[in-house]
Amino acid sequence: MKNKANVVVIGGGVVGCSIAYNLAKKGVKDVVLLEKSYLSSGATGRCGAGVRQQWGTKQNCLLASESMNIFENFADILQIKRDIELKQKGYLLLAYSDKELEQFKKNIEVQHSLNIPSVLLTPKEAKEIVPNLNIEKLVGAAYCAKDGHANPFQVTLGYAEAAQRLGVEINKFTEVKDIKTKNDALLGVQTNKGFIECKKVVVAAGGWTQNITKMAKIDLPIYSERHEILVTESVKSILDPMLMSFSYNIYCQQEPVGSFIMGYGPENEPHSYNMESSWKFLETMSKKATWLLPPLKNIRIIRQWAGLYNISPDRQPIVSQINQVEGLYVACGFSGHGFMLAPAVGILMADIVTGDKLTYDVILDLERFNRGEIIEEPSVV
Amino acid sequence: MDENKVIICRCEDVTLKEIRNAIREGFTTVEEIKRVTRSGMGPCQGKTCGLLIAKEISQMTGKPMEEIELQNIRPPYGGITFEEVTKGTITENDK
Ligand SMILES: Cc1cc2nc3c(=O)[nH]c(=O)nc-3n(C[C@H](O)[C@H](O)[C@H](O)COP(=O)(O)OP(=O)(O)OC[C@H]3O[C@@H](n4cnc5c(N)ncnc54)[C@H](O)[C@@H]3O)c2cc1C
């Protein structure tokens, strides 16, 4: 392991790997990435892996569609051989009230201003796309055929591989124990395998980010929360798009290999680092899923697990420098959409670290909470 | 022995060759190999392949078997249908 670096990136999830790659691509030398376990061992390897462009704010639409462009051309852009198993069979967002449908209409206008090919559907049209869908109580739906799914392990490893080819040193099973500072400037990072001297540190440690910035005496306004998820045995394809409802609270999609993957947002979940599975989740999920898609009832659930959402005050990412400590940066607070935004976030963070003009016209800085400029995104799960 | 014909994970059809390639690429834990090859992701959750993969890792890296961690086994162990889960739990309120 190097004992001196230009930039140390903490966290080997999809965000950290994308940042490391984009820094190297911009020509930054001596980038070192540290991961306490294996790559994608955090939220990235535990996520639903859905990628959607149907957002309600212009900046989320922009980041999601730019990321989708990268997913679509991943192997070419990164010059790697990995197949990220991109499936673009759409996201079908379900509306169960007129109010919800009105919101979808407004969102679609924003989406169209950025050429995202979304459409509004009647329940009957929704059923044409998903013949097995229970359309009882359904008022309408929004659909974008270009949304979908990608394999989070392969995406993360793809970024890692491309980063290494550009000179990034990746150290797996290397845990950050301390961040040393002097007079509000960085001296370096202490790991379980030695000290690395550096002036710039990017913390992309998912649900553990707030613990790491505390090492540099920075308290971030974020917290972590358990989200559970399950997967079934593989069966023949009966569901093309990701099904998602904000009010009924569910997401469910059939992966290219044939297994269904699904979850919902927990209620009254305490802030914690708990990643244990619960019987209650299995029970509620089974009821929800079989109501929505009745043929599921005969399919076997084979595995359930949990991961951490890292949540900011407006449930939107923080991609920012930290003003109090020169050279310290964070990419965190991704809630349930860090996987799909990671390609664009990597580019943005590389701009911030190198001091270049931002590639995208977006506001994701930490200071927005002090300015009272929270991002009002109506479409989060 | 033809590495291409020896199946290590029967649920997901993963061959010995694929496992060895993953180890050569630097994935030297059972959890990592699961993620790059899908071995152990099927219905049996790696009951057979987990140990076989650990043995390959041990042989190729020289690390003793006792030091190689097996994959996490997750609930519901054995597999259960959605209907089996919901059957016992529907209350009057759900009807
Ligand atoms: C159940 C669930 C479903 C989701 N579904 C979706 C979805 O469908 N679509 C979507 O876009 N997003 C989804 N998400 C969100 C998405 O998974 C996250 O936003 C994203 O993976 C965050 O990536 P990351 O790289 O920031 O964090 P992580 O993947 O958590 O990576 C952080 C890494 O930092 C490492 N680390 C922590 N502490 C240290 C330390 N001290 N030293 C060294 N390394 C350290 C961890 O081991 C970890 O690997 C879901 C999340 C969950 C939990």
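## Close-up views of a two-chain predicted model

**View 1. A mixed open sheet that takes in strands from both chains.** In this predicted model, nine strands line up as an open sheet with mixed pairing, in the order β5(A)-β6(A)-β4(A)-β14(A)-β15(A)-β16(A)-β13(A)-β17(A)-β3(B). The edges belong to β5 (118-121) of chain A and β3 of chain B; each has a single partner strand, so one side of each has no neighbour in the sheet. As a reminder for anyone tracing the ladder, strands of a sheet pair through backbone hydrogen bonds, either parallel or antiparallel.

**View 2. Where the sheet crosses from chain A to chain B.** Zoom in on β17(A) and strand β3 (residues 80-81) of chain B, and you'll find an antiparallel pair held by two bridges. A handy residue to pick out is A:R300, which sits opposite B:T81 in β3(B).

**View 3. Inside the sheet, β14 meets β15 in chain A.** Here strand β14 (residues 242-245) and strand β15 (residues 250-254), both of chain A, run antiparallel and share three bridges. To get your bearings, look for A:L243, whose bridge partner in β15(A) is A:C252.

**View 4. The contact surface between chains A and B.** Chain A puts 33 residues into the contact, and chain B puts in 27 residues. Together the two chains bury about 2700 Å², with carbon and sulfur atoms giving 61% of that area. Three residues to label are A:Y38, A:I302 and A:R303: they supply 23% of the area that chain A buries against chain B, more than any other three residues.

**View 5. Polar contacts and salt bridges across the interface.** Ten residue pairs are in polar contact across the interface of chain A and chain B, counting pairs with both residues at pLDDT 80 or more. On the chain A side, α6 (152-165), β13 (223-234), β16 (259-263), α8 (279-292) and β17 (300-311) each bring at least two residues to the surface that touches chain B. The top contributor is α8(A), with seven residues. By type, that side of chain A splits into 15 nonpolar, nine polar and nine charged residues. As for salt bridges, there are two between chain A and chain B. One to look at joins the side chains of B:E32 and A:K172, at 2.7 Å from N to O.

**View 6. The ligand and its surroundings.** The ligand has 40 residues around it, and the closest are A:E35, A:A43, A:T44, A:V176 and A:M340. Several backbone atoms come into play here. A backbone N or O atom of A:G48 lies 2.9 Å from a nitrogen atom of the ligand, while a backbone N or O atom of A:G50 is 2.9 Å from a ligand oxygen atom. Over at A:F339, a polar backbone atom is 3.1 Å from an oxygen atom of the ligand.

**View 7. A salt bridge between a loop and a helix in chain A.** Over all chains, the structure has 21 salt bridges. In this close-up, the side chains of A:R82 and A:E161 meet in one of them, at 2.7 Å from N to O. A:R82 belongs to the loop between α3 (74-78) and β4 (91-95) of chain A, and A:E161 to helix α6 of chain A, so the pair ties together parts that are 79 residues apart in sequence.

**View 8. The β10-β11 hairpin of chain A.** Strand β10 (residues 185-191) and strand β11 (residues 194-197) of chain A pair in the antiparallel sense over four bridges. Two residues make up the hairpin connection from β10(A) to β11(A). Within the ladder, A:Q190 stands opposite A:F195 in β11(A).

**View 9. Two backbone oddities worth a look.** Most residues other than glycine have a negative phi, and most peptide bonds are trans. In chain B, a cis peptide bond links B:P75 and B:P76, with omega at about -10°. B:P76 is in the loop between α3 (49-61) and β3 of chain B. In chain A, the residue to check is A:D30, a non-glycine residue with a positive phi near 55°. A:D30 sits in the loop between α1 (14-25) and β2 (31-34) of chain A.

Note on methods. Residues are numbered from 1 along each chain as its sequence is written. Chains are lettered from A and ligands numbered from 1 in the order in which they are written. This is a predicted model: local features need pLDDT of at least 70, side-chain atom pairs count only at pLDDT 80 or more; totals for chains, interfaces and linings use all residues. Side-chain values use heavy atoms; hydrogens and water are left out. Contact means heavy atoms within 4.5 Å. Buried area is the accessible area (1.4 Å probe) that two parts lose on being put together, summed over both. A salt bridge is a side-chain nitrogen of Lys or Arg within 4 Å of a carboxyl oxygen of Asp or Glu. A polar contact is a pair of N or O atoms within 3.5 Å; within protein, one must be able to donate a hydrogen and the other to accept it, and residues adjacent in sequence count only if both atoms are side-chain atoms. Ala, Val, Leu, Ile, Met, Phe, Trp, Tyr, Cys and Pro count as nonpolar, Asp, Glu, Lys and Arg as charged, and the others, Gly among them, as polar. Two strands pair if DSSP finds at least two bridges between them. A residue is near a molecule or strand if one of its heavy atoms lies within 4 Å of it.
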